[in-house]
Amino acid sequence: MLPGPERENVNHGGKVIMPSSALDKLTRLHITYPMLFELINGAADKMTHGGVLEFIAEEGKIYLPYWMMQTLSLDPGDLVQILSTDLPSGAFIKLQAQSVSFMDISDPKAVLENAFRNFSCLTKGDVFTFAYNDQIYEMAVLETKPGTAKNGAISVIETDLEVDFAPPVGYEEPKRVSGTSTPRSGTGGLPAGGMVHSAGTMAQAINYASIAPQSSTAAAGAKA
């Protein structure tokens, strides 16, 4: 984690901060853009993927979002391996909020659009975070397509990405009262999903059809 005041795009995004020497090395390797990386904790056999935000870290260090450190089972000062990689453009992603409090957000479309601007790629099994109204929300990546890359990683830059939602952790279907029939309320349900049209950022628009319940090698050996 980056010392000093918290920067939301650092701690609640999918990009890392590397030292300037990494940029020099990447430039000499003539890697393709955007720069995407595989991050590996060999000691715990954990892996995820990310982009790069800046090259301002101290030599030999890399700063990761806190959720990414948790995904990789890393503590500050642990060793992490970083490999440059290419990922397929995403076509589909299924997400699951880790709390029913996500359903209290009045405009999830706008909130997620803003949060997704801080991501270059996502990996199946990630549990990323975003901040809204002084609250931190966790979102798990359950499924991705095409799913041809390692661990189902996808690029979310310059792509149309279909988004689906599983019921949040802890969500229970409203119980029906026997002998009564009441129309379902249009509020308090789950986002039905939609299409993300990405052009330069992960999300330019997420079109929710309705709100209703529904189930359905660059650098290595840097220290976190």
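The exercises below, each with a worked solution, concern a predicted model of a protein chain.

**Exercise 1. Overall make-up**

State how many helices and strands the protein chain has, and what share of its residues is buried.

Solution. Begin with the secondary structure: the protein chain holds four helices and twelve strands. Next take burial. Of the 224 residues, 48% are buried. Finally, consider the surface. The accessible surface of the protein chain is about 11,200 Å², and carbon and sulfur atoms account for 50% of that area.

**Exercise 2. Strand E2 and its partners**

Determine whether strand E2 (residues 36-41) is enclosed or open, and find which strands pair with E2.

Solution. Step one is to count buried residues. Six of the six residues of E2 are buried, so the strand is largely enclosed by the rest of the structure.

Step two is to sort these residues by face. In a regular strand, side chains alternate between the two faces of the sheet. In E2, one side carries Leu36, Glu38 and Ile40, and the other carries Phe37, Leu39 and Asn41. Residues on both sides are buried, and both faces of E2 are thus covered.

Step three is to identify the partners. E2 pairs with E3 in the antiparallel sense, over six bridges. E2 also pairs with strand E4 (residues 79-85), again in the antiparallel sense, over five bridges. Ile40 can be used as a reference point: opposite Ile40 in E3 stands Met47, and the bridge partner of Ile40 in E4 is Gln81.

Step four is the connection. E2 and E3 form a hairpin with four residues between them. In that turn, Asp45 has a positive phi of about 55 degrees.

**Exercise 3. The nonpolar cores**

Describe the largest nonpolar core, then examine the contacts of Phe128.

Solution. The largest nonpolar core has 39 residues. Those with the most contacts inside this core are Leu39, Leu64, Leu95, Phe102, Phe128, Phe130 and Met139. Helix H4 (residues 108-116) gives the most to the core, with four residues.

Now take Phe128, setting aside neighbours within four places in sequence. Phe128 is in contact with Trp67, Leu95, Phe116, Phe119, Leu122, Tyr137, Glu138, Met139 and Val141. Two of these partners, Leu95 and Met139, also appear among the residues with the most contacts inside the core.

A second core, separate from the one above, has five residues, including Leu87, Cys121, Ala149 and Ala153.

**Exercise 4. Polar contacts of three loop residues**

For Thr123, Lys150 and Glu59, give the location, the exposure and the side-chain polar contact.

Solution. Start with Thr123, in the loop between strand E6 (121-122) and strand E7 (127-132). Thr123 counts as buried because its relative accessible area is 1%, under the 20% limit. Its side chain makes a polar contact of 2.8 Å with the side chain of His49. Beyond four places in sequence, Thr123 touches Thr48, His49, Val141, Asn151, Gly152 and Ala153.

Continue with Lys150, in the loop between strand E8 (135-145) and strand E9 (154-155). At 49% relative accessibility, Lys150 is partly exposed. The side chains of Lys150 and Glu38 are joined by a polar contact of 3.4 Å. Leaving out residues up to four places away, Lys150 touches Glu38, Met47 and His49. His49 lies 101 residues from Lys150 along the chain, yet their C-alpha atoms are separated by 9.7 Å.

End with Glu59, in the loop between strand E3 (46-57) and helix H3 (66-71). With a relative accessible area of 58%, Glu59 is exposed. A polar contact of 2.7 Å joins the side chains of Glu59 and Ser21. With residues up to four places away left out, Glu59 touches Pro19 and Ser21.

**Exercise 5. Backbone exceptions**

Locate the cis peptide bonds before Pro34 and Pro146, and the positive phi values of Asp134 and Asn151.

Solution. The background is that most residues other than glycine have a negative phi, and most peptide bonds are trans.

First, the peptide bonds. The bond from Tyr33 to Pro34 is cis, with omega near 0 degrees, and Pro34 sits in the loop between helix H2 (20-29) and E2. The bond joining Lys145 and Pro146 is also cis, with omega about 15 degrees; Pro146 is in the loop between E8 and E9.

Second, the phi values. Asp134 has a positive phi of about 65 degrees and lies in the loop between E7 and E8. Its relative accessible area is 86%, so Asp134 is exposed. Asn151 has a phi near 60 degrees, lies in the loop between E8 and E9, and is partly exposed at 39% relative accessibility.

Terms used
Residues numbered from 1 in each chain as written. Predicted model: local features only at pLDDT ≥ 70, side-chain atom pairs only at ≥ 80, totals over all residues. Heavy atoms only, no water. Core = buried A, V, L, I, M, F, W, Y, C linked by side-chain atoms within 4.5 Å. Buried < 20%, exposed > 50% of the residue type's maximum accessible area, 1.4 Å probe, protein only. Helix = DSSP H or I, 4+ residues; strand = E, 2+ residues; numbered from the N terminus. Contact = heavy atoms within 4.5 Å. Polar contact = N/O pair within 3.5 Å; in protein donor to acceptor, adjacent residues only side chain to side chain. Areas by Shrake-Rupley, 256 points an atom, 1.4 Å probe, with all protein chains shown as cover. Pairing = 2+ DSSP bridges.
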